[in-house]
Amino acid sequence: MAEVRKMALSGFIETAVELNIDPDRIFQEFELNSNYLTNIDNDEMMEFELADKLIRSLAKMSGKHYCGMLMGIRQDIRFLGIIGYLMQQSNNVFDALMALSKHLSIHSPTPVKIENYGKLSSINYINILPFNRQSYTNEVAMAQAMVVMKAICGNQFKPEAVHFNHSRMSDITQYKKTFRAPIYFEQVRTELIYDSALNEQAILRADPLLKEILIKQIEQIQTEEITDLRSQIEILIRRSLQSQRYQINHIAKNLSMHPRTLQRKLKEMGISYSEVIENIRKEVATERLENSNITIMQLSDYLGYKDNTAFTRAFKKWFKVTPIEWRKRGK
C-alpha cells in the first residue's frame, strides 16, 4: 500500500476544531482511535488513501472545501522530517529543492519535480490518486510548498502564481489570502511558480558537515526501502506467474501504485520491469528443471510463453543451451 508520513497531516486536529468540527467524529467514521494523529513518532506512516479520506471527510462535514489548504499552510518544514533538515543545510534554494525532489520518496509516494521555465521555475506536484480524487491532496501539497519556500527563502516569499489541475471548489478569496498570488484552476499541472532568481539565493546558517551526515542517513533509508520494494515485487510476480496476471498494472495495483510510479521506482534501482520478469523466469526455469519432473511444455506454459519454441529460444539466449540440454547436464 502507498504510504505517507503521518506528519503530513499535522495540524489536522487543529484545523477541524477551527472549523467547528469534532475530529473524533471523523476518526470514528474510519474506526480510528481519537489519538491517531497525536503524539506521532517521527517516521510513523499511514496509508496515503486514508489521509485523503480524512481530509475529504473534514471538507464534507465543515462545508469548507479548502480545509486541506488550511491544514497545510499551518505546518512548518518539520513535516518533511530528515529531508526538511537536509534542505536547510543546502548551499542554496535550488540545491534544497533538488534534495526534496530526489529524496521525497522515503516519506511520500507522490513525486515532486523542480521545473525551470527560464525566468520562472516551479515546484510541480505529481499526484498518484485517480484524477477525480486529486483535489484535496493537491491543495495540501501546494500549501506545504509555500511552507517549504518560506522556510528556505524567508517569510517574505511570495509565489508568482499557483496552478491546480482540478476545478475550483471554493470561493477564490481564501486561496488568494493563503498564497498572495494569482490562482489558476483546471491547469495542465499542479505547481507553485516562483521567480527563478531565487534558485541562486544562499541558505543562511547551512552546515556542510551536518549536510553530509544527513545525506548518508537518507541514503541508508533509501537502500533499505529499495531492497524491500524489489523483494515485494518479485514475490508478487512469482505468485502470479501461473495465473498469468503478472503484468505491471496488476502488480502495481497490489502495491497501491500507479504503473508509471512503479516503473519510475524500478528505473531508480537501475532495472526495468521486463528485466525483473526475465530474471524471475530464469530463476524459476532452472529451479524447476533441476528439482522437478515438469515437462518443457508445462514449464513453458507456467512461465507465460506462447509456446515451447519461444521458451526454448529465450532459454538458449540466457544459458547458450536448450532446456533439455540443461536438464541432461544436471543429471
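**Exercise 1. Helix 8**

The buried residues of helix 8 (residues 172-179) in this predicted model are Gln-174, Tyr-175, Thr-178 and Phe-179. Task: work out why they lie on the same side of helix 8, name the exposed residues on the face turned away from the buried side, and find what the buried residues pack against.

Solution.

Step 1. Around the axis, the four buried residues cover an arc of only 115 degrees, so they are on the same side of helix 8. An α-helix has 3.6 residues a turn, and therefore residues three or four places apart point the same way.

Step 2. Thr-173 and Lys-177 are the exposed residues carried by the face turned away from the buried side of helix 8.

Step 3. Two helices and two strands receive the buried residues of helix 8: helix 4 (67-73), helix 7 (135-153), strand 5 (161-163) and strand 6 (183-184).

Step 4. Past the end of the helix, the residue that follows is Arg-180, with a positive phi near 50 degrees.

**Exercise 2. The sheet**

Task: give the order of the five strands in the open sheet, identify the edge strands, and describe how strand 7 pairs with strand 4 and with strand 5.

Solution.

Step 1. The order is 3-4-7-5-6, and the pairing in this open sheet is mixed.

Step 2. Strand 3 (112-116) and strand 6 are the edge strands, since each pairs on one side only.

Step 3. Start from the strand 3 edge. Strand 3 is antiparallel to strand 4, with five bridges between them. Within this pairing, Glu-115 is opposite Ser-122 of strand 4.

Step 4. Next, strand 4 (residues 120-125) is joined to strand 7 by six bridges, and the two run antiparallel. Ser-122 also has a partner here, as it stands opposite Ile-193 in strand 7.

Step 5. Strand 7 and strand 5 are antiparallel too, over three bridges. In strand 7, Glu-191 is the residue opposite His-163.

Step 6. Turn to the burial of strand 7. Because five of the six residues of strand 7 (residues 190-195) are buried, the strand is largely enclosed by the rest of the structure.

**Exercise 3. Asn-92**

Task: locate Asn-92, decide whether Asn-92 is buried or exposed, and list the residues in contact with Asn-92 beyond four places in sequence and the backbone nitrogens that its side chain reaches.

Solution.

Step 1. Asn-92 is in the loop that runs between helix 5 (82-88) and helix 6 (93-103).

Step 2. The relative accessible area of Asn-92 is 15%. Buried means under 20%, so Asn-92 is buried.

Step 3. Beyond four places in sequence, Asn-92 makes contact with Asn-199, Glu-200, Gln-201, Ala-202 and Ile-203.

Step 4. Two backbone nitrogens complete the picture: that of Phe-94, which the side chain of Asn-92 reaches at 3.2 Å, and that of Asp-95, 2.8 Å from a polar atom of the same side chain.

**Exercise 4. Aromatic pairs and charges over rings**

Task: state how many aromatic pairs the whole structure has, classify the pair of Phe-12 and Phe-27 and that of Trp-318 and Phe-319, and say which residues lie over the faces of Tyr-36 and Tyr-305.

Solution.

Step 1. The search of the whole structure gives twelve aromatic pairs.

Step 2. One of them is Phe-12 with Phe-27, at 6.1 Å centre to centre and 40 degrees between the planes, a tilted pair. It links distant parts of the chain, 15 residues apart: Phe-12 belongs to helix 1 (residues 12-18) and Phe-27 to helix 2 (residues 23-29). Both Phe-12 and Phe-27 are buried.

Step 3. Trp-318 and Phe-319 have centres 6.1 Å apart and planes at 85 degrees, an edge-to-face pair. Trp-318 has a relative accessible area of 14% and is therefore buried, whereas Phe-319, at 24% relative accessibility, counts as partly exposed.

Step 4. These two residues belong to a cluster linked by ring pairs, whose members are Tyr-305, Phe-311, Phe-315, Trp-318, Phe-319 and Trp-326.

Step 5. Arg-281 is placed over the face of Tyr-305, 4.2 Å from the ring centre. Over the face of Tyr-36 lies Lys-6, at 3.6 Å from the ring centre.

Definitions and conventions: Residues are numbered from 1 along each chain as its sequence is written. This is a predicted model: local features need pLDDT of at least 70, side-chain atom pairs count only at pLDDT 80 or more; totals for chains, interfaces and linings use all residues. Side-chain values use heavy atoms; hydrogens and water are left out. Buried means under 20% relative accessible area, exposed over 50%, partly exposed in between (1.4 Å probe, protein chains only). The arc is that of the directions from the helix axis to the C-beta atoms. Contact means heavy atoms within 4.5 Å. A polar contact is a pair of N or O atoms within 3.5 Å; within protein, one must be able to donate a hydrogen and the other to accept it, and residues adjacent in sequence count only if both atoms are side-chain atoms. Rings of Phe, Tyr and Trp (its six-membered ring) pair if their centres lie within 6.5 Å; planes under 30 degrees apart count as stacked, over 60 as edge-to-face and the rest as tilted. A charge sits over a ring if NZ of Lys or CZ of Arg is within 6 Å of the ring centre and within 35 degrees of the ring normal. Two strands pair if DSSP finds at least two bridges between them.
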